[in-house]
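This report describes how selected parts of one protein chain are arranged. Please keep the structure in view while reading.

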Amino acid sequence: MRISTPRSVLLAGAVAVTLSATALPAAFAAPSPTAVISEVYGGGGNSGASLTRDFVELANAGSAPYDLSGFSVQYLPGAPSAGSLWQVSALTGAVAPGGRYLVAQAAGTGGTVALPTPDATGTVAMSAASGTVALVSGTTPLTCRTAADCAADTRVVDLVGYGSAVVREGSGPATGASATASVARAASLADTDDNAADLSAAAPTPVNAAGETSGGEDPGDPGNPTEPGTVRVHDIQGTTRVSPLDGQAVTGVPGVVTAVRTTGSRGFWIQDTSPDADPRTSEGVLVYTGSAAPTVAVGDSVLVSGTVDEYYPSATTQSVTEITAPRTTVLSKGNALPAPVVLDAASVPRGYVPSAGGGSIDALPLEPAAYALDLYESLEGTRVQASDTRVTGATTSYGEVWVTVEPRQNPTRRGGTLYSSYTDQNTGRIKVMSLDPARPLPVANVGDVLSGTTTGVLDYDSFGGYSLQATALGTRTDRHLKREVTRKQRGGELAVATYNVENLDALDAQDKFDTLAKGVAVNLSAPDIVSLEEIQDDNGAVNDGTVGSEATLKRFTDAIVAAGGPRYAWRYIAPQDGKDGGEPGGNIRNVFLFNPARVSFVDRAGGDATTAVKAVRTRHGVTLSASPGRISPANEAWSDSRKPLVGEFRFHGKPVFVVGNHFTSKGGDQPLHGRYQEPSRSSETKRVQQAAEVNTFVKSLLAVDKSAQVIALGDLNDFAFSPTMSALTASKVLKPLITTLPANEQYSYVYEGNSQTLDHILTSPGIRRLDYDVVHINAEFADQASDHDPQIVRVRTDASGHGHHGHH
């Protein structure tokens with residue numbers, strides 16, 4: 001089993017590394033008088049190619065056999081990113097003097113001519129146009145990603161960069177490689193360590209150690225069968241998540257084509273019309289055609305030959321069982337399709353997934369009657385349908401919408417599905433995508449309904465797990481979800497809000513500023529204090545040392561005035577360049593906006609990016625050593641992360657301390673739907689440390705004045721039921737207000753169809769009367785200015801009147 005190479009052109013968006021012409025690398029392992037890479041071809045199996053496979057040919061210019069035992073051929077993409085890895089193909093045997101040695105690589109779906117019998121076989125899908133191949137002494141993957149670093153690696157015997165490859169020998173890469181052309185050395189095998197001079201493009205001419213060349217059809221290939229072979233789809237799928245035939249060739253697998261995918265990960269699904277009696281074995285499978293568009297149509301009865309593969313979209317996900325490098329015979333057209341399996345509250349079990357104590361569930365026998373993920377796996381690649389499903393995650397920019405097939409499962413007041421604990425997963429959530437580019441998904445908000453039946457095949461990917469690839473879509477019934485407007489604070493109420501404004505910087509479009517500003521001025525009814533997360537420096541992701549946010553904040557506060565709000569002032573502490581995580585170059589930070597007509601800020605000098613704020617005992621009670629200040633910024637808990645911002649405000653003459661937070665994200669945690677169960681939450685460790693630092697600081701304020709009014713708020717990137725929240729509220733110094741709402745309103749964020757809470761407001765015991773509201777304006781809507789909903793608390797500080805908890 002392996003993690004297959006990711007399929008999109010991996011390097012869209014990769015940063016090209018350029019070497020100045022004057023700084024040419026030292027020679028690679030010196031020009032080789034013996035073993036060299038003599039020919040490289042990455043176009044095998046591509047559209048227009050005649051050969052079915054990629055290859056690398058080696059040659060020996062010396063007078064003695066060249067032993068390849070323990071050697072490897074390795075491949076790197078032409079424009080490697082930080083995450084690009086060298087892919088290794090191990091070699092055995094030797095190259096005879098003057099002889100050749102053929103390494104076959106991945107097959108495509110095009111071409112008709114087989115390679116001569118290879119001397120070694122790898123699985124690398126090389127690019128036809130651009131890449132780097134190295135002959136390496138050893139099988140440990142190289143780690144170099146620049147020409148200079150690779151030149152310094154003494155394990156490299158020879159290296160060829162072609163197309164626009166960053167890693168190459170000499171003045172430039174060999175040019176002219178394509179779907180129909182390889183790059184090859186001259187007959188002399190001369191190696192001057194200049195790829196552009198030493199290799200030229202021409203039709204590919206693979207030669208193996210026996211001296212054989214490609215001569216038309218491989219006589220060993222029986223051609224496309226016209227009768228079914230012995231293997232059926234359910235034999236391929238098996239009774240666990242991983243095929244018992246993984247890596248094996250199969251011939252003449254029968255089925256009817258149920259769906260075709262022409263974009264992205266191209267291919268088609270077949271389903272056996274004669275199922276077995278075992279509910280664990282799926283009767284459908286994906287036939288992966290790679291870069292080639294499928295040539296079959298829905299309703300075709302086919303026989304498919306190819307290689308079974310378990311494709312892992314990422315290291316922590318489950319896999320997709322598929323047939324790769326397919327050869328397909330169409331027997332007849334227009335056949336009826338198998339009836340779809342109905343997914344609904346009756347058919348989907350309440351259990352979510354078996355536990356493997358944190359280990360892999362790959363080998364566990366499926367229990368589709370007990371666990372939802374086992375049911376979905378037992379239906380992988382088969383036709384399913386769902387009727388009248390409620391939308392629980394709005395349509396995304398990727399054309400995906402989340403629905404639930406179990407409408408009574410943890411419903412929220414506004415039509416979502418609440419994520420309420422680590423142990424109670426919402427089994428009815430499923431992602432829907434459209435296979436028909438001419439019929440994209442409707443734009444839907446949470447609470448809308450996909451009315452009628454949505455039918456398609458069940459697939460799996462790394463972004464949310466099981467998905468219904470729709471061949472027929474229900475129609476959207478609009479439930480008219482409204483953006484909430486909270487009430488205005490009264491004279492004696494201090495209104496404090498938190499809002500994650502999603503990487504806002506001065507280069508953003510004006511409509512983003514205007515929409516966020518309307519949220520503050522109208523939907524939040526102009527709070528007295530707004531604690532903002534994700535304000536970036538003035539030029540956003542431009543990484544040039546800029547750390548100030550003045551231009552960003554001027555545009556935002558101007559937009560709030562234009563939306564009818566007050567003229568806010570602001571306070572923040574600029575981070576050290578590149579020290580606070582977030583988007584590289586963005587210098588993300590927490591910021592306080594405040595309305596000076598209603599509340600005053602106590603400025604006290606001494607706060608900067610590296611100085612820790614302290615509680616100070618005075619005759620008048622507790623104050624801050626610096627305002628604004630940062631909590632323990634040098635502590636390891638905050639390395640590469642946003643530091644909390646603390647400010648001292650005065651409202652009607654009384655001090656109020658506000659702590660703005662943005663804890664480290666959940667990135668890196670294993671997915672709920674992945675192959676490791678229960679999933680590990682590796683990012684939690686750091687958030688618990690961060691929460692403990694804030695808790696310690698709040699305790700230091702309360703140690704001086706136990707009735708001090710402290711409001712801690714922000715994007716804590718964790719749930720009300722998390723260990724992070726336990727660490728933050730330890731000794732009951734802070735009360736999380738989200739838990740004071742009715743259960744079906746305890747959310748501010750929607751992820752993969754789960755309504756959940758990452759944002760929080762917490763108050764100290766000295767705050768006795770308050771009114772708290774999550775203001776739903778973003779997370780449930782397809783059109784959103786931020787992915788977070790803001791929250792607000794109104795604190796009564798006057799002697800008269802009684803505040804109350806509740807939602808307005």
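## A closed barrel

Two strands are taken to pair if DSSP finds at least two bridges between them. The model is a predicted one, and in it five strands close into a barrel in the order β13-β14-β15-β17-β16, with mixed pairing. From one strand to the next, the twist averages 55 degrees.

One pairing within this barrel may be followed in detail. Strand β14 (residues 266-271) and strand β15 (residues 284-290) run in the antiparallel sense and share six bridges. Trp 269 has Leu 286 in β15 as its bridge partner.

## An open sheet

In general, the strands of a sheet pair through backbone hydrogen bonds, and the pairing is either parallel or antiparallel. A second set of strands forms an open sheet: six of them, in the order β27-β28-β26-β25-β41-β40, again with mixed pairing. The edges are held by β27 (569-571) and β40 (770-774); each has a single partner strand, so one side of each is left without a neighbour in the sheet. Neighbouring strands of this sheet are turned against each other by 20 degrees on average, direction ignored.

Strand β25 (residues 493-504) pairs with strand β41 (residues 791-796) in the antiparallel sense over six bridges. Val 496 stands opposite Val 793 in β41. Two helices also meet this sheet. Helix α5 packs on the sheet and touches β25 and β26 (529-535), its direction making about 160 degrees with that of β25. Helix α6 lies across β25, β26, β27 and β28 (589-594), and runs at about 40 degrees to β28.

## Two packed helices

Two packed helices are described by the angle between their axes and the distance between the axes. Helix α5 (residues 510-523) packs against helix α6 (residues 550-562) at an angle of about 55 degrees, and their axes are 8 Å apart. Angles of 35 to 65 degrees count as oblique, and therefore α5 is oblique to α6. The crossing of α5 and α6 is right-handed.

Which residues of α5 and α6 meet? From α5 come Gln 510, Phe 513, Asp 514, Leu 516, Ala 517, Val 520 and Ala 521, while α6 contributes Thr 552, Arg 555, Phe 556, Ala 559 and Ile 560. The residues of this contact divide into eight nonpolar, two polar and two charged.

## An aromatic pair

The structure holds 14 aromatic pairs. One of them is formed by Tyr 376 and Tyr 466, whose ring centres are 5.7 Å apart. Planes from 30 to 60 degrees apart count as tilted; the planes of these two rings stand at 50 degrees, so the pair is tilted.

The pair links distant parts of the chain. Tyr 376 belongs to helix α4 (residues 372-378) and Tyr 466 to strand β23 (residues 465-472), the two being 90 residues apart.

## Unusual backbone geometry

Most residues other than glycine have a negative phi, and most peptide bonds are trans. Where in the chain is Asn 503, and what is its phi? Asn 503 is placed in strand β25, and has a positive phi of about 55 degrees although it is not a glycine.

Two cis peptide bonds may also be located. Ser 627 and Pro 628 are joined by a cis bond with omega of about 0 degrees; Pro 628 is in the loop between β31 (621-624) and β32 (629-630). A cis bond also joins Gln 677 and Glu 678, with omega of about 0 degrees. Glu 678 is found in the loop between β34 (654-662) and α7 (684-704).

Methods. Residues are numbered from 1 along each chain as its sequence is written. This is a predicted model: local features need pLDDT of at least 70, side-chain atom pairs count only at pLDDT 80 or more; totals for chains, interfaces and linings use all residues. Side-chain values use heavy atoms; hydrogens and water are left out. Axes are lines fitted to C-alpha atoms, for helices over the stretch in contact, and angles run from 0 to 180 degrees between N-to-C directions. Helices (H or I, at least four residues) and strands (E, at least two) are DSSP runs, numbered from the N terminus. Angles under 35 degrees count as roughly parallel, over 145 as roughly antiparallel, 65 to 115 as roughly perpendicular and the rest as oblique. A crossing is left-handed if the near helix is turned anticlockwise from the far one by less than a right angle, and right-handed if clockwise. Contact means heavy atoms within 4.5 Å. Ala, Val, Leu, Ile, Met, Phe, Trp, Tyr, Cys and Pro count as nonpolar, Asp, Glu, Lys and Arg as charged, and the others, Gly among them, as polar. Rings of Phe, Tyr and Trp (its six-membered ring) pair if their centres lie within 6.5 Å; planes under 30 degrees apart count as stacked, over 60 as edge-to-face and the rest as tilted.
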